[in-house]
Amino acid sequence: MEELQILLEELLNIDLINIIISGPRRDGAAAKIKIRPVYLKQTLKFQATRYVDTKVFHENYEKEPMEEAIIGWMSGDYRQMQLQARSGNATVLVSKKGKVTIRRQKPCAACSLPEPDTSGPMAAVAAHNREKRYILKEGTPVDFLVDLGVMTREGKVVKARYDKFRQINRFLEFIEDILPALDQGRKLHIIDFGCGKSYLTFAMYYYLKTICGYDLEITGLDLKKDVIEHCSHLARRYGYDGLKFLHGDIAGYEGRGPVDMIVTLHACDTATDAALYKAVLWDARVILSVPCCQHELNRQMKCPALSAVFQYGLLKERMAALVTDGLRAELLNAAGYKTQVLEFIDMEHTPKNILIRAVRGNGPKHFALTEKYLAAKALLGVTPTLETLLLEQFGEKDGAHEEGCR
């Protein structure tokens, strides 16, 4: 870890923008740790924020204890660290055998912040404490954000569009968390099913290509020809050579070559199931899905014990949406993925704010319905489309009864 210590001694100072430690190796470890400089009582400190399940823990360190803590985390519990500073950026990878690989990059315009006011320490503190650490930084214009009306041509975020600016950055945080699962040593292929106007598709390409330096190709698929034509025009205008848009439906899309990540945002009803099925079929390393319009199970659900709830259409509809996504997540677990259901701030300000994030495990590919999945579907008398698709491809019908609970 000597090389890592030299890196920290060099960049752990007031010019640091942030450090993100991710890729936990053991259960119970924080999903990620974010570190940023702050001033407390006119003294430079480093605040480490640990994200454990739904809880967030903050702790402040001086420089040397912070260096020791980071080295300790990277020595055993974590695979990757991303460091951004005004003077340069770095990616740190640690293998299972403890081999440390450090890749340095020049600071990019999108990651830069205004130079701190050197007239006094409190001026620098105010700048650091006020600013939210967004992945896409305010002050640096980004073409697609300007076209969206989110930014002015000078890079200032339009006040009325700040929600959208935060939402796009929130989505990129989900991408940031799964970077350890993606192979940076080769060209990546990502498919965005039901890409629509592609706000997040452009953001994803810009972040992975321009900021992180990945060699990648992203394919956006949608049913609306005019939308595809418009997005293709924008991609050419921005010079995004690795971003392609195709007209077609999810179920009929066959694709080509290996797929590293499947993204499906707001695909309606069983179109989400078709996208998740394709992801499992193609052995995609990562799945990010924000489902929408979950009508299928609302029509199927029957359970006399819950008739007091189901008699109200609104409540049954909302419960059906939650059940649908919960069973989808469990089916992905059954297919060998490590799956999380997370809160996502929806782009259209609707209650559809659940994101399913699944990362392929390292074990052999398999599919077997779990006991808790079978118990849930038997209770409510439902058979989701995703289950049918996966069983037809990978297994036999389970034979569980579908008459609902007694």
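## Two helices and a seven-strand sheet

In helix H5, Lys164, Ile168, Phe171, Leu172, Ile175 and Glu176 meet Tyr199, Leu200, Ala203, Met204, Tyr207 and Leu208 of H6 (heavy atoms within 4.5 Å). This is a predicted model, with local features needing pLDDT of at least 70, side-chain atom pairs pLDDT 80 or more, and totals for chains, interfaces and linings using all residues. Numbering starts from 1 along each chain as its sequence is written, and side-chain values use heavy atoms, without hydrogens and water.

**Exercise 1.** Work out what kinds of residue make up the contact of H5 with H6, and how their axes cross.

*Solution.* Start with the residue types: ten are nonpolar, two are charged and none is polar. Next, find the helices: H5 covers residues 162-177 and H6 covers 199-211 (DSSP runs of H or I, at least four residues; strands are E, at least two). Their axes come within 10 Å and cross at roughly 55°. The pair is therefore oblique (not under 35, over 145 or 65 to 115 degrees).

**Exercise 2.** Find the order of the strands in the open sheet and say which ones stand at the edges.

*Solution.* Reading across, the seven strands go S10-S9-S8-S11-S12-S14-S13, with mixed pairing (at least two DSSP bridges per pair). Now look at the ends: S10 (243-247) and S13 (337-343) each have a single partner strand, so one side of each has no neighbour in the sheet. From one strand to the next, the twist averages 15°.

**Exercise 3.** Trace how S8 joins S9, then decide whether the residues of S9 are buried or exposed.

*Solution.* S8 (residues 188-193) and S9 (residues 216-222) run parallel, joined by six bridges. Try two of the partners: Phe193 pairs with Leu221 in S9, and Ile191 stands opposite Thr219. Then check burial: seven of the seven S9 residues are buried, so the strand is largely enclosed by the rest of the structure (under 20% relative accessible area). Leu216, Ile218, Gly220 and Asp222 point one way, while Glu217, Thr219 and Leu221 point the other way.

**Exercise 4.** Say which strands helix H8 lies across and which ones helix H11 touches.

*Solution.* H8 (residues 270-281) lies across S8, S11 (261-268), S12 (286-292) and S13, at about 170° to S11. H11 (residues 313-334) packs on the sheet too, touching S12, S13 and S14 (354-360). The direction of H11 makes about 155° with that of S13.

Definitions and conventions:
Axes are lines fitted to C-alpha atoms, for helices over the stretch in contact, and angles run from 0 to 180 degrees between N-to-C directions. Ala, Val, Leu, Ile, Met, Phe, Trp, Tyr, Cys and Pro count as nonpolar, Asp, Glu, Lys and Arg as charged, and the others, Gly among them, as polar. Buried means under 20% relative accessible area, exposed over 50%, partly exposed in between (1.4 Å probe, protein chains only).
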